[in-house]
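I sat down with this model and a short list of things to look up. My notes are below the view.

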Amino acid sequence: MDVIVVGGGNAGFCAAHAAREAGARVLLLEKGEEHEAGGNSFYTAGAFRTVHGDAASVTGLVEPDPRLAATVLPPYGEDDFLADMARVTGGRCDPVLTGALVTRSAETVRWLAGKGQRWRLMYERQAYPAGDGWTFFGGLALGTVDGGRGLIERHTAAAVASGVEIRYGAAVTALVPPPGGGPGAAGVRYRDPSGAEHTVRAPAVVLAAGGFEADPARRARHLGPGWDRALVRGNPHNTGEVLDLALSAGAVPYGDWGSCHSVAWDAGAPPRGGDRTLTNQRTRQSYPLGIVVNRHGRRFVDEGADFRNYTYAKYGAEILRQPGGVAFQIFDATTRPLLRTEEYDSSPITGAQAPTLAGLAEALGVDPAGLTATVREFNASIVTGRPFDPSVKDGRAAGTVPPKSNWALALETPPFHGYAVACGITFTFGGLRADAEGRVLDENARPLPGLYAAGELLGGLFSGNYPGGAGLTAGAVFGRAAGRTAAAEVR
């Protein structure tokens, strides 16, 4: 083999495609067995944040849709993407990696289309009806047909058709050092489902095996006390051992190892993830239209601080800090029809409905007096005179503590609806240091022989927060770069 790719998610497949495109012989090792493969990517909605123009500019890329002619898609330029990355991370994003992510995003999406990926505009998640048409918001519009499931199916088909060898149930246990020893890698050892150990040698190894979010002990060690109680959203196999192997081979930790992507997740979901039927449907992301309270009935975040795409990945951590690590999203009959159907009409769902706020509180396990008082104060503090418009930051605020900066509507029309949510961890932000071409770097910022990285184990892009859809784009951009560089350096 010329190139070994460790990890069969979006980043790993992009590395395999690029290496094979360059003429390399490629082996992809996936820890999960075939029926549980796809990494975290399988569990996503398939959203890609990318630079784009207006609706007309994507006509030749996305699937035909009768709504397109009446769609308002605000252009999203490189400056917009760069500004969003800097804003949501507080400036804690590597400028070189971020620049590569942004400038290569559109080209990479079209490269993937050439590999058989199918694209659509995500009306049900990223747009609101406006008059006789639709208006997109928050810089995120493009997604793969059939979400993460479709993304992985098409990646797999393209890889097999091109001659990539895939071995499932291959849990990497060691990196083979280069001839003569020293840092870097010249192959891997892995364990198959029967327990047998195998050694495969190659001059280039691309690591795309994700972070450590599925390991409770590593979460508690790096993220802090209480994080062992977080619910895993996606891949139960991302337990961090490949990260540790890379560090032992001379790589250095990079980025924010103390924060992660975490969201409002159905409180009754399986704690260890792996729900391949509902996948992303257990997320609850319409909270900007209502209020979020804890067990005492008290609000603790600004639900309307920004578009959902720029707050959802940090609010899981805020939920984890609440009593019992649980919170409740509250809506009334006015706002309930605006909620995302695929999330709030999914089954099973942890929630309740009642004709009164007190009745809803009792059904949810919330203090009735606390919730009633909170809603009374919230309703009275709403700034009147500003029209409600969920597709823009409308400035319709509630002057409570904490405030609600946009989209404040009085909760007053029964029946009332409530949904119990916990902290669902998606992926960890800390990882390895690598350059923009995928080469893993040592403590002196020099490339390690034979070692490349992409996907969620690449550190330096995100910290504390995350702009929605940037993860799959980063996996594709840097997976492609790592595979291309690995193949070139092998030659």
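The entries run from the whole chain to strand 23 and then to a cavity.

**Ground rules.** I am working on a predicted model, where local features need pLDDT of at least 70, side-chain atom pairs count only at pLDDT 80 or more, and totals for chains, interfaces and linings use all residues. Residues are numbered from 1 along each chain as its sequence is written, and side-chain values use heavy atoms, with hydrogens and water left out.

**Whole chain.** I looked up the secondary structure and got 12 helices and 23 strands; these are DSSP runs numbered from the N terminus, helices being H or I with at least four residues and strands E with at least two. The C-alpha trace spans about 75 × 50 × 40 Å along its principal axes. The radius of gyration is 23 Å, which agrees with the value near 23 Å for a compact globule of 491 residues (taken over C-alpha atoms; the rule is 2.2 Å times the number of residues to the power 0.38). Buried residues make up 60% of the 491, where buried means under 20% relative accessible area with a 1.4 Å probe, protein chains only.

**Strand 23.** Is strand 23 (residues 447-453) mostly covered or mostly open? Mostly covered: five of its seven residues are buried. Strand 13 (residues 204-207) runs parallel to strand 23, joined by three bridges (two strands pair if DSSP finds at least two bridges between them). L207 stands opposite A453 there. Strand 22 (residues 439-441) runs antiparallel to strand 23, with two bridges, and L441 stands opposite P447. I also checked the hairpin of strands 22 and 23: five residues lie between the strands, and A445 takes a positive phi near 65°.

**Cavities.** My search of the whole structure turned up four cavities of 30 Å³ or more. A cavity here is a set of points on a 1 Å grid over the protein atoms alone where a 1.4 Å probe fits but cannot get out, and lining residues have an atom within 4 Å of a point. I picked the second largest, with a volume of about 110 Å³ (the space filled by probe spheres set on points joined across faces, edges and corners). Its lining includes F427, F429, E456, F462 and A474. Which element gives the largest share of that lining? Helix 12 does, with three residues. The lining residues divide into six nonpolar, four polar and one charged; Ala, Val, Leu, Ile, Met, Phe, Trp, Tyr, Cys and Pro count as nonpolar, Asp, Glu, Lys and Arg as charged, and the others, Gly among them, as polar.

Definitions and conventions. 1 Å grid on protein atoms, 1.4 Å probe; cavity = no way out; pocket = protein on both sides within 12 Å on 5 of 7 lines; lining within 4 Å. Buried < 20%, exposed > 50% of the residue type's maximum accessible area, 1.4 Å probe, protein only.
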